[in-house]
Amino acid sequence: MTYRASFELVGSMPLLMHWDNIEGGDQLKEWRQDPKNKNQSVPGDDRSPAWTWTTYLYTDGEFVTMPSDNIMGALMYGGSQLILKKQKTFKELSQSAIFIASEHCRFESGGKQLPIAKIIGMKDQPFSKQAATCQDSLGFRLFCKRAKIGQAKHVRVRPRFDNWRVSGELEVTSSDLTFEVLEQIFTFAGRAGLGDWRPNSPKRPGPYGMFNAKLKKI
């Protein structure tokens, strides 16, 4: 049995984005190794350079998005919480029989999409100005927190979305994954969360990124 469904994930807790962005990391390394930036560079501080946080945003090149890979990770947790038969859970089927239609899912903050060009356009501004623009004009915050690394305390900055929503479509290809089971998997996935410092983060679990899911057969 194959069927399709749409999904909408509505944040019940703020979401912190932190993309492991290889290209963005290369840009940061180049900036920090440039001799002319030597006096501006502060090791372990995400405000140096001021635009470090822009490399943490998930994007398809046009808008801020939520990668389907992240959602699949949450669904893996959701599947692991439900018994298929005997001691076997739906963990494996959650990955082999659920296909999200696109690599990037629509992400909204405060009911609107965020063009990445508008965000990149303020890279040359000081950090305080960027933080004010994000909060006053773009509808999200730059969340700063000290984190202890060894004996040192580093400053971490994460784009924080208090009012967020993710939507997309998927296909299910297993008769064991009924629509009712799919809804349960998404319910548990919402408790796992998305983004940084989420409840099922392997290294630094926290309360962020949890959501409520709404599904509909299409």
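**Exercise 1. Which element supplies the largest share of the lining of the second largest pocket?** Describe this pocket in the predicted model.

*Solution.* Begin with the extent of the site: the second largest pocket has a volume of about 260 Å³. Its lining comprises 14 residues, and Trp19, Asn21, Thr54, Thr59 and Ile120 are the closest to the pocket centre. Next, assign the lining to secondary structure. Two or more lining residues come from each of α1 and α4 (116-120). The largest share, 3 residues, belongs to α1. Finally, sort the lining by class: 5 residues are nonpolar, 7 polar and 2 charged.

**Exercise 2. Characterise the largest pocket by volume, lining and residue class.**

*Solution.* The space in the largest pocket amounts to about 670 Å³. A set of 28 residues lines this pocket, with His18, Gly195, Asp196, Arg198 and Ser201 nearest its centre. At least two lining residues are supplied by each of α1 (22-33), α2, β8 (141-149) and β9 (152-161). The division by class gives 10 nonpolar, 11 polar and 7 charged residues.

**Exercise 3. Determine how helices α2 and α6 pack against each other.**

*Solution.* First, establish the geometry. Helix α2 spans residues 68-80 and helix α6 residues 179-192; their axes come within 7 Å and cross at roughly 115°. The handedness of this crossing is right-handed. Second, list the residues in contact. From α2 these are Ala74, Leu75, Tyr77, Gly78 and Gly79, which meet Ile185, Phe186, Phe188, Ala189 and Ala192 of α6. Third, classify them: the contact between α2 and α6 holds 8 nonpolar and 2 polar residues, and no charged ones. The two polar entries follow from the class rule, because Gly is counted as polar.

**Exercise 4. Classify the ring pair formed by tyrosine 3 and phenylalanine 179, and locate both residues.**

*Solution.* The count of aromatic pairs in the model is 11. For tyrosine 3 and phenylalanine 179, the ring centres are 6.4 Å apart. Pairing requires centres within 6.5 Å, and planes over 60 degrees apart count as edge-to-face. The planes of these two rings stand at 70°, so the pair is edge-to-face. As to location, tyrosine 3 lies in strand β1 (residues 3-11) and phenylalanine 179 in helix α6. The pair thereby links distant parts of the chain, 176 residues apart.

**Exercise 5. Identify what is notable in the backbone at proline 49 and at lysine 86, and place each residue.**

*Solution.* Consider proline 49 first. The peptide bond that joins serine 48 to proline 49 is cis, its omega being near 0°. Proline 49 belongs to the loop between α1 and β3 (65-67). Turn then to lysine 86, whose phi is positive, about 50°, although this residue is not a glycine. Lysine 86 also lies in a loop, here between β4 (83-85) and β5 (88-89).

Key: Residues numbered from 1 in each chain as written. Predicted model: local features only at pLDDT ≥ 70, side-chain atom pairs only at ≥ 80, totals over all residues. Heavy atoms only, no water. Axes fitted to C-alpha atoms, helices over the stretch in contact; angles between N-to-C directions. Helix = DSSP H or I, 4+ residues; strand = E, 2+ residues; numbered from the N terminus. Left-handed = near helix turned anticlockwise from the far one by under 90°. Contact = heavy atoms within 4.5 Å. 1 Å grid on protein atoms, 1.4 Å probe; cavity = no way out; pocket = protein on both sides within 12 Å on 5 of 7 lines; lining within 4 Å. Points joined across faces, edges and corners; volume = space filled by probe spheres on them. Phe/Tyr/Trp six-rings, centres within 6.5 Å; stacked < 30°, edge-to-face > 60°.
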